[in-house]
Amino acid sequence: MRLVNADALLGRVPLIGRVLAAMLLLCGGLLALVESRASILRHGTEVRLRTVPVDPRDLFRGDYVVLAYPISTVTPGPGGAMGVRRGDTVFVTLTRDAEGFAQAKAVAMTRPAAGEGEVVIAGRVLSTGACALNETGQTDCSAGAGRLRVAYGLESYFVPQGQGRRIETTSRARIEVVAAIAADGTAAIKRLLIDGQLVYAEAPY
């Protein structure tokens, strides 16, 4: 019995059928990405984040704001995140300060169990150098080489045309982001506020 190879089988499928199959696969992949983000926004644990706006504009995609956070700079405790390198995935345990904003409590290479009132967010290490932004958004080199700079996928937010400059020039003390964090630590921006007032809300779809 002669086996028919995959190329021969594919050649028997009409061209229009192959095009439709490719389109369905592409659409299915895009829908999966959209649903993944929508699930984070619908079901993720909300955390409040202080922000530091950095850059105002992307000429190809309209206005956006590049944001940094106090939790973007973390210092591992004794034995925490040993041997971490740039590009590594880490898990940062967040608690809330007296005003209800998230603050980094610990960082680890494997996902820890979250305690009461805690939430764990996944991030990627941008640098392990001595200098990083401190809680006021200023460059600080005083903590030594152990401090990590971490990105969480919350560092850029697109806004309507012409609005990026308004946010970029607003005092960082007035800007707040509400992020949603899924059970696996993946995060997405849900709302942006200025002076406690809603400015933009991300639709699930």
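This passage walks through the fold of one protein, from its overall make-up to a few single residues.

The structure shown above is a predicted model. Its secondary structure comes to three helices and 15 strands. The protein has 205 residues, and 38% of them are buried. Of the contacts with a separation of 6 or more, 63% are made by residues 24 or more positions apart. The accessible surface comes to about 12100 Å², and carbon and sulfur atoms account for 57% of that area.

A good place to look next is the interior. The largest nonpolar core contains 32 residues, and the ones with the most contacts inside it are Leu49, Tyr69, Leu94, Ile121, Tyr152, Leu154 and Ile167. Several strands feed this core with at least two residues each, namely β1 (45-50), β4 (62-68), β6 (89-96), β7 (102-108), β8 (119-127), β11 (148-151), β13 (175-181) and β14 (187-194). Apart from this core lies another, made of five residues, including Ile40, Leu41, Ala180 and Ala188. Leu94 is a helpful residue to find on screen: leaving aside residues up to four places away in sequence, Leu94 touches Ile71, Ala102, Gln103, Ala104, Gly117, Glu118, Val119, Ile121 and Ile181.

Strand β11 rewards a longer look. Both of its faces are covered, with Leu148 and Val150 buried on one side and Arg149 and Ala151 buried on the other. Strand β11 runs antiparallel to β5, and two bridges join the pair; here Val74 has Leu148 of β11 as its bridge partner. Strand β8 is also antiparallel to β11, this time through three bridges. In that pairing, Ser127 is matched with Arg149 of β11.

Arg149 also takes part in a side-chain contact. Its partner is Thr73, a residue of strand β5 (residues 73-74), and a polar contact of 3.2 Å joins the two side chains. Thr73 counts as buried because its relative accessible area is 12%, under the 20% cut-off.

Gly162 offers another case to consider. This glycine sits in the loop between β12 (156-158) and α3 (164-168). With a relative accessible area of 47%, Gly162 is partly exposed, since that class lies between the 20% and 50% limits. Along the chain, Gly162 and Tyr64 are 98 residues apart, while in the model 9.2 Å separates their C-alpha atoms.

Key. Residues numbered from 1 in each chain as written. Predicted model: local features only at pLDDT ≥ 70, side-chain atom pairs only at ≥ 80, totals over all residues. Heavy atoms only, no water. Helix = DSSP H or I, 4+ residues; strand = E, 2+ residues; numbered from the N terminus. Buried < 20%, exposed > 50% of the residue type's maximum accessible area, 1.4 Å probe, protein only. Contact = heavy atoms within 4.5 Å. Areas by Shrake-Rupley, 256 points an atom, 1.4 Å probe, with all protein chains shown as cover. Core = buried A, V, L, I, M, F, W, Y, C linked by side-chain atoms within 4.5 Å. Polar contact = N/O pair within 3.5 Å; in protein donor to acceptor, adjacent residues only side chain to side chain. Pairing = 2+ DSSP bridges.
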